[in-house]
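This report is meant for a reader who is meeting the structure for the first time. Please look over the sequence and the model shown here before reading on.

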Amino acid sequence: MNNREFLRVEVPELRVHYNLIPENCSIPHLLGFVEKREPSSGLEPEGCDPVQEMILRMVRRVESKLDRILGHLERDGYRPSYEFQGQVVNISGGGLSFATVNDHAVGAVLELCIFPQFGDPRPLFAIGKICSIEPYSSDVYPAASLVGVKFVEIEEEAREAIIRLVFQMERKRKQRDVEEGWNPGGKT
């Protein structure tokens with residue numbers, strides 16, 4: 001990952017499910033992170049006829065709809081097996097922090113799955129590395145740890161979905177502040 005700066009926002013209604021990855025595992029193959037290939041010339045030949053182009057657009061549209069339906073099913077019913085879960089405290093395109101009662105070590109690698117509660121319903125998958133652990137207390141977890149995780153492997157589509165979620169949450173927060181009469185400039 002390149003050194004990009006990401007806006008980090010609090011997302012109290014988001015949960016993360018995760019497993020610890022043993023040190024001897026090959027990370028990129030765990031979640032299907034493989035190099036994306038350009039469509040072969042047999043599927044999209046240069047200057048193909050309009051009928052083929054129309055069929056390809058229809059197939060992409062159907063594929064997109066199926067992804068959305070499967071995402072709803074996964075969010076609403078199917079839950080893959082994850083050993084641990086935590087309450088996301090904040091998230092960005094570069095990583096997240098979550099509260100958990102489980103003990104982990106700095107440097108541990110995690111297989112992460114985030115189920116958004118709104119917006120795009122598809123679960124977001126990533127591989128992350130624990131960068132920090134601090135004591136943390138909340139209503140949900142009175143005696144917990146705040147685990148800071150940097151994304152090590154994440155598909156760009158998942159990162160973009162997180163960034164959209166961050167901006168959506170930031171817009172909601174600003175709208176709520178305006179509705180409650182908060183004035184950032186102190187002017188009336």
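A residue is called buried when its relative accessible area is under 20% and exposed when that area is over 50%, and partly exposed describes the values in between. E156, for example, has a relative accessibility of 37%, so it counts as partly exposed.

## Overall picture

The structure is a predicted model. Its protein chain contains 3 helices and 7 strands, and when these elements are read along the sequence they follow the pattern β-β-α-α-β-β-β-β-β-α.

Of the 188 residues in the protein chain, 35% count as buried, and the accessible surface comes to about 12400 Å², with 52% of it belonging to carbon and sulfur atoms. Among the contacts in the chain with a separation of 6 or more, 72% are made by residues that lie 24 or more positions apart.

## Strand β5 and its partners

Strand β5 covers residues 109-114, and because 6 of its 6 residues are buried, the strand is largely enclosed by the rest of the structure. The cover extends to both faces of β5, since V109, E111 and C113 are buried on one side, and L110, L112 and I114 are buried on the other.

Two pairings of this strand can be followed in the model. Strand β2, which spans residues 15-21, runs antiparallel to β5 and is joined to it by 6 bridges; within this pairing, L20 has L110 of β5 as its bridge partner. Strand β6, made of residues 124-136, also pairs with β5 in the antiparallel sense, again over 6 bridges, and here V109 has K129 of β6 as its bridge partner.

## N19 and I91, two buried residues in strands

N19 belongs to strand β2 and has a relative accessible area of 15%, which means that it counts as buried. Which residues does N19 contact, once its neighbours within four places in sequence are left aside? They are S81, Y82, E83, F84, V109, L110 and E111, and the last three of these are residues that also appear among the buried positions of β5.

The position of N19 brings together parts of the chain that are separated in sequence: N19 and Y82 are 63 residues apart along the chain, yet their C-alpha atoms are 5.7 Å apart in space. A polar atom of the N19 side chain also lies 2.6 Å from the backbone nitrogen of E83.

I91 is placed in strand β3, which covers residues 84-92, and its relative accessibility is 0%, so it counts as buried. The C-alpha atoms of I91 and V149 are separated by 9.5 Å, while the two residues are 58 residues apart along the chain.

## Salt bridges in helix α3

Side chains of opposite charge can pair when their charged atoms come close. In the whole structure, a search finds 3 salt bridges. One of them joins the side chains of R159 and E156, with an N to O distance of 3.2 Å. These two residues are 3 residues apart in helix α3, which spans residues 156-179, so about one helical turn separates them. R159 counts as buried because its relative accessible area is 5%, whereas E156, at 37% relative accessibility, is partly exposed.

Another salt bridge links the side chains of E170 and R173, at 2.4 Å from N to O, and both residues lie in helix α3, 3 residues apart, or about one turn of the helix. E170 counts as buried at 15% relative accessibility, while R173 counts as partly exposed at 30%. R173 also forms a salt bridge with D177, where the closest N and O atoms are 2.9 Å apart. Because R173 and D177 are 4 residues apart in helix α3, about one helical turn separates them, and D177, at 15% relative accessibility, counts as buried. Through salt bridges that share partners, E170, R173 and D177 are joined into one network.

## A nonpolar patch on the surface

On the surface, V51, M54, I55, M58 and V59 form a nonpolar patch, and together they have about 440 Å² of accessible area. One of these residues, M54, lies in helix α2, which covers residues 50-76. The relative accessibility of M54 is 42%, and therefore M54 counts as partly exposed.

Technical notes: Residues are numbered from 1 along each chain as its sequence is written. This is a predicted model: local features need pLDDT of at least 70, side-chain atom pairs count only at pLDDT 80 or more; totals for chains, interfaces and linings use all residues. Side-chain values use heavy atoms; hydrogens and water are left out. Patches are made of residues with over 30% relative accessible area and no salt bridge: like charges are joined within 9 Å, nonpolar side chains (Val, Leu, Ile, Met, Phe, Trp, Tyr) within 5 Å. Accessible areas come from the Shrake-Rupley method with a 1.4 Å probe; for residues, only the protein chains shown count as cover. A salt bridge is a side-chain nitrogen of Lys or Arg within 4 Å of a carboxyl oxygen of Asp or Glu. Buried means under 20% relative accessible area, exposed over 50%, partly exposed in between (1.4 Å probe, protein chains only). Two strands pair if DSSP finds at least two bridges between them. Contact means heavy atoms within 4.5 Å. A polar contact is a pair of N or O atoms within 3.5 Å; within protein, one must be able to donate a hydrogen and the other to accept it, and residues adjacent in sequence count only if both atoms are side-chain atoms.
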